[in-house]
Amino acid sequence: MTRDGRSYDYVIVGAGPAGCVLANRLSADDDTEVLLLEAGTPDEEREIGIPAAFSELFRTGVDWNYHTEPQSALHDRELYWPRGKTLGGSSSINAMIYVRGQPEDYDRWAELGNEGWGYEDVLPYFKRAEHNERGPSEHHGIGGPRNVADLRSPNDLSEAFVAAGRAVGLPHNEDFNAGDQAGVGFYQVTQEDGRRHSAADAYLKPVLDRPNLTAVTGARVTRVRFDGERAVGVEYARDDGDGSPATVDAAEEVLLSAGAINSPQLLMLSGVGPADYLADHDIEVVADLPGVGRNLQDHLQVGVNYECEKPISLADADSIRNLLTFFALKRGPLTSNVAEAGGFATVTEDADRPEIQFHFGPSYFVEHGFENPDGHGFSLGALRLRPDSRGRITLESADPFDDPAIDPQYLTEGDDLEVLLEGVKLVRRILQAAPFDEYRGEEVLPGSDVRSDAELIEYIRETAETLYHPVGTCKMGDDELAVVDDRLRVRGVDGLRVVDASVMPTITSGNTDAPTTTIAERAADFVRD
């Protein structure tokens with residue numbers, strides 16, 4: 001084995017949203033040596049900076065390109081799960097939507113035994129993380145690393161969606177992050193000057209010149225190294241090396257920020273997980289934690305797509321004229337995050353807060369954009385915010401280069417299917433409202449001949465896809481399936497924390513980039529304290 005050659009206080013695994021935050025905050029102390037290891041490449045793809053091009057990054061070198069196990073409730077389909085494999089992680093390939101969730105989400109975390117995670121506890125960290133171009137308020141901060149902006153060139157179709165939502169009785173909501181999500185409106189986005197502002201742009205690149213911070217790309221961590229029950233470093237493989245594993249020591253802590261798929265995989269490969277299961281894979285057990293990989297939650301979305309009678313959608317967004325407008329003026333269709341507008345609504349009588357989220361795009365969006373029809377169109381998707389279904393991450397083998405098995409077990413518990421069905425019905429009502437009359441052509445999917453509940457359920461099973469929000473597989477708490485405590489320390493061992501979306505005990509009500517950033521902001525204080 002070879003050694004890195006330097007001694008570090010903290011070794012951070014993964015340069016996604018959480019890892020970038022930790023690298024920034026921990027290296028602010030000149031006396032602290034920090035190493036950040038990222039399996040992917042530098043974020044040099046041109047499409048990363050062009051908001052409307054995000055789906056062109058799918059199934060490329062900056063994507064882990066995962067797939068689920070066959071889903072029994074979705075006609076045994078193996079769903080594609082894109083995850084960022086570059087500096088910034090998934091914040092470099094996502095749709096840039098800035099949504100925190102509902103205050104009740106975080107209060108629920110506190111109720112589950114996680115002291116200091118209620119909404120009033122985390123709100124200061126949301127504000128610390130952002131520079132909101134709307135200015136400071138009770139709910140928002142300025143001067144933080146991550147730029148949060150309004151869209152520069154919203155599409156007329158997105159304006160029609162907001163009007164259509166109001167036409168069917170939903171209120172207009174100008175700020176989904178002010179404590180009450182209900183209603184329709186435009187999303188704020190993590191952009192700056194019309195370009196993507198990823199976690200790497202916000203937190204990592206401004207501090208890469210710090211002499212006490214080392215960031216290495218093409219470094220795939222294969223296991224956490226232990227001395228007894230204490231994490232003392234990691235082993236990793238370099239893409240540009242000779243295949244020999246390298247090791248590096250962590251004098252204080254190893255911090256796993258590899259995400260809801262890779263963090264539990266790494267724990268199990270390192271001997272932390274269900275003892276019997278690890279023994280079956282001939283992995284020496286360091287700590288018997290049955291919850292590792294369990295509690296997987298994700299948002300499943302179903303979309304309705306219409307032809308557009310006017311040539312105003314994003315179908316021609318990449319024209320020469322629009323490219324020139326984008327690079328010269330930082331405006332135009334290429335500044336669109338595609339999912340420009342949306343909202344939150346209840347669909348069952350006894351719901352006391354929104355249970356459905358909408359994403360509207362002035363474009364077709366079929367199978368992650370891979371199967372978009374030719375011509376102009378628009379789409380509206382619905383997802384259930386807090387699904388009952390729980391899945392798990394397991395190992396295919398003890399080989400760290402084998403993808404783990406991902407089984408979200410969509411629509412297998414509770415009333416997930418019924419709530420999603422009602423969401424699709426509401427989507428149709430919105431798209432058939434008067435503000436769309438001048439734009440609406442034929443319904444391409446599911447099609448006007450699909451009318452009954454049974455037919456719509458079949459459509460859900462045939463077409464539902466992830467909305468890219470896996471969480472929960474190393475959950476914090478104090479029950480028997482908890483993997484970390486409320487300071488994100490891995491139970492049963494020393495010197496090891498998990499800091500990413502996998503620690504969420506329950507999924508937040510919306511897009512998960514902003515909550516993950518805030519988890520890391522909070523964790524940085526835990527580590528320094």
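These legends describe close-up views of a predicted model.

**View 1. Helix H1 packs against helix H12.**
H1 spans residues 17-27, and H12 spans residues 513-528. Their axes lie 8 Å apart, at an angle of about 35 degrees. The crossing of the two helices is right-handed. H1 contributes Pro17, Ala18, Val21, Leu22, Arg25 and Leu26 to the contact. From H12 come Asp513, Thr516, Thr517, Ala520, Glu521, Ala523, Ala524, Val527 and Arg528. By class, the contact of H1 with H12 comprises nine nonpolar, two polar and four charged residues.

**View 2. Arg25 of helix H1 and its contacts.**
Arg25 sits in H1. Is Arg25 buried or exposed? Its relative accessibility is 17%, so Arg25 counts as buried. Setting aside neighbours within four places in sequence, Arg25 is in contact with three residues of H12, namely Glu521, Ala524 and Arg528. Other contacts of Arg25 are Arg128, Pro145 and Tyr203.

**View 3. Helix H9 has a buried face.**
H9 covers residues 320-329. Asn322, Leu323 and Phe326 are its buried residues. Seen down the axis of H9, they fall within an arc of 105 degrees, so they line one face of the helix. That buried set packs against helix H2 (46-49) and strand S10 (195-196). The face turned away from the buried side carries exposed residues: Ile320, Arg321, Leu324, Ala328 and Leu329. Just after H9 comes Lys330, with a positive phi of about 60 degrees.

**View 4. His376 in the loop between strands S19 and S20.**
S19 runs over 356-361, and S20 over 377-384. His376 counts as buried because its relative accessibility is 17%, under the 20% cut-off. Residues up to four places away in sequence are not counted among its contacts here. His376 touches Tyr306, Glu307, Cys308, Lys310, Pro311, Ile312, Ser313, Ala315, Asp316 and Tyr364. One of these, Cys308, is itself buried, with a relative accessible area of 9%.

**View 5. Asn295 and Leu488, two loop residues with positive phi.**
Asn295 has a phi near 70 degrees, a positive value in a residue other than glycine. Its place is the loop between strand S16 (287-288) and strand S17 (300-308). Asn295 is buried, with a relative accessible area of 15%. Where does Leu488 lie? Leu488 is in the loop between strand S24 (465-466) and strand S25 (496-498). Phi of Leu488 is also positive, near 70 degrees. Leu488 is buried, at 0% relative accessibility.

**View 6. A cis peptide bond joins Leu445 to Pro446.**
Omega of this bond is near 0 degrees. Pro446 lies in a loop. Strand S23 (440-445) and helix H11 (453-463) flank that loop.

**View 7. Cys474, a buried cysteine in no disulfide.**
How many disulfides does the structure hold? The count is zero. For Cys474, the nearest cysteine sulfur is that of Cys20, 19 Å away. A disulfide needs two cysteine sulfur atoms within 2.5 Å, so Cys474 is in none. Cys474 is buried, with a relative accessible area of 0%.

Conventions:
Residues numbered from 1 in each chain as written. Predicted model: local features only at pLDDT ≥ 70, side-chain atom pairs only at ≥ 80, totals over all residues. Heavy atoms only, no water. Axes fitted to C-alpha atoms, helices over the stretch in contact; angles between N-to-C directions. Left-handed = near helix turned anticlockwise from the far one by under 90°. Contact = heavy atoms within 4.5 Å. Nonpolar A, V, L, I, M, F, W, Y, C, P; charged D, E, K, R; others polar. Buried < 20%, exposed > 50% of the residue type's maximum accessible area, 1.4 Å probe, protein only. Arc of directions from axis to C-beta.
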